[in-house]
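Got the viewer open? Let's take a short walk through this one, one selection at a time.

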Amino acid sequence: MKQIIIILTASILLPACKSKQPETLKSVLQDKFLIGTALNLEQIYQRDTLANSVILEHFSSIVPENCMKSMFLQPKEGEFFFDDADKYVEYGEKHNLWIVGHCLVWHSQTPDWFFVDSTGKEVTRQVLLSRIKNHITTVVSRYKGRVNGWDVVNEAILEDGSWRQSPLYRIIGESFIDSAFVWANRADTNAELYYNDYNMADCGKRNEVVKLVKHLKDNNIRIDAVGMQAHVHLDYPSISEFEKSIEAFAAAGVKVMITELDMSILPRAKYNVGADISTDFEYQKELNPYVDGVPAEKDSIWTSRFLDFFDLFLKHSNTITRVTTWGVGDADSWLNNWPIPGRTDYPLLFDRNYMPKPCIDSIIGKI
Ligand code: G3I
């Protein structure tokens, strides 16, 4: 009898002792929204094994930080370079990740030729439209059925609700956005199509983006989601204003995505500096106070605010379908060099050694 009890006991205990897979962001959030990250070329080519293991363990979606921008994809008119973008898409397919394409039409990081003719004069409306159509059609068709969603147009509207006076707007007018979405849809009717922008908690931009979404829908032009970049700070934007924008975009009939989440811990040289990279400032010591690490008290302020945003995203997980951080580890972040080159920032979920920050356990504990 004793022997039978031992066998029974062992058979009952063993499964319970079997080590349970540790929870990760991807595993706990799978029923809430996709959790993504931006990849740089090192990560796309899997040159950093530690970063690669973090990406595959914690993230269910990816977006290319730079390699799919028009300056890299079409450096010369009619000459495309797809090696890096192909590698990126293959990486996503190999690991069954939600693959985002970023970005088809943007006033920044375009090749030098895109808005001018051979004499350097701005091209006509017709020429620019044909250049945009060719770029979108070539790129989206290449990845048809493989890229799950595209940032079709990036950053066309300003915080006060006026339109950015980019060559896209000046040469073509507001309808460049209509055309971009029409051509993206024609090239891949199944890929989701997004309008993506930063500082989307500002009411002027919020209202104009709502107007844009309604305009596209009223004209039967497919737009599936609005991307709120969420390059946020310790003191901007307010959670309540951010929430108003989530609700306004949802009410306009589109999904909402948090597309470029990072939170700088550094003092700002100027209030409300968005992600417009044309803003640049002299390097100043007092604006780079944490070269040797962040004091615990400051770190807990950062963590608590980051969790406030995650609480908001979880509250609206019926509307928010993806939350993507703009980079894997702190050392990867563009914020180390923008708006001031050579700083040490701590804006992401993993530290400079790709170790998870405490807020990851807090996020996991919330679900
Ligand atoms: O590729 C060149 C390389 O050949 C050269 O040696 C090197 C030296 O300057 O520069 C490299 O280009 C850099 C590029 O990133 C690729 O690494 C540019 O200088 C640098 O300005 C560029 O910064 C990117 C920035 O967009 C430019 O607009 C950041 O990495 C990227 O994180 C950032 O991402 C944007 C989103 O696409 C849109 N939303 C805002 C966000 C932040 O600006």
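## Stop one: asparagine 196

Select asparagine 196 to begin: its relative accessibility is 0%, and because buried means under 20%, it counts as buried. Keep in mind throughout that you're looking at a predicted model. Color by secondary structure and you'll find asparagine 196 sitting in strand β5, which spans residues 192-197.

Now show side chains. Which side chain does the side chain of asparagine 196 make a polar contact with? Turn on asparagine 154: the two side chains make a polar contact at 2.8 Å. Then bring up the rest of the surroundings. Leaving aside neighbours within four places in sequence, asparagine 196 is in contact with His102, Asp151, Val153, Asn154, Glu155, Gly227, Met228, Gln229, Thr259 and Glu260. Keep those displayed, as some come back later.

## Stop two: the whole of β5

Extend the selection to the full strand. Is β5 enclosed or open? Six of its six residues are buried, so β5 is largely enclosed by the rest of the structure. Check one face, and you have Glu192, Tyr194 and Asn196, all buried. Flip to the other, and Leu193, Tyr195 and Asp197 are all buried too.

## Stop three: the strands paired with β5

Select residues 149-154 next. This is strand β4, and it pairs with β5 in the parallel sense over five bridges. For a spot to zoom in on, try valine 153, which stands opposite tyrosine 195 of β5.

Then select residues 225-228, strand β6. The pairing of β6 with β5 is also parallel, over four bridges. Here the pair to pick out is tyrosine 194 and its bridge partner in β6, alanine 225.

## Stop four: the ligand

Finally, select the ligand and show what surrounds it. There are 16 residues around it, and the closest are Glu65, Lys69, His102, Glu155 and Glu260. By class, this shell holds six nonpolar, six polar and four charged residues.

Which side chains should you put a distance label on? Start with glutamate 260, where a side-chain N or O atom is 2.7 Å from a nitrogen atom of the ligand. Move on to glutamate 155, with a polar side-chain atom 2.8 Å from a ligand nitrogen. Then label glutamine 229, where the distance from a polar side-chain atom to a nitrogen atom of the ligand is 3.1 Å. As for the surface, the ligand on its own has 790 Å² of accessible area, and the protein covers 55% of it.

One last look back at stop one: Glu155, Gln229 and Glu260 are among the residues in contact with asparagine 196.

Definitions and conventions
Residues are numbered from 1 along each chain as its sequence is written. This is a predicted model: local features need pLDDT of at least 70, side-chain atom pairs count only at pLDDT 80 or more; totals for chains, interfaces and linings use all residues. Side-chain values use heavy atoms; hydrogens and water are left out. Helices (H or I, at least four residues) and strands (E, at least two) are DSSP runs, numbered from the N terminus. Buried means under 20% relative accessible area, exposed over 50%, partly exposed in between (1.4 Å probe, protein chains only). A polar contact is a pair of N or O atoms within 3.5 Å; within protein, one must be able to donate a hydrogen and the other to accept it, and residues adjacent in sequence count only if both atoms are side-chain atoms. Contact means heavy atoms within 4.5 Å. A residue is near a molecule or strand if one of its heavy atoms lies within 4 Å of it. Accessible areas come from the Shrake-Rupley method with a 1.4 Å probe; for residues, only the protein chains shown count as cover. Ala, Val, Leu, Ile, Met, Phe, Trp, Tyr, Cys and Pro count as nonpolar, Asp, Glu, Lys and Arg as charged, and the others, Gly among them, as polar. Two strands pair if DSSP finds at least two bridges between them.
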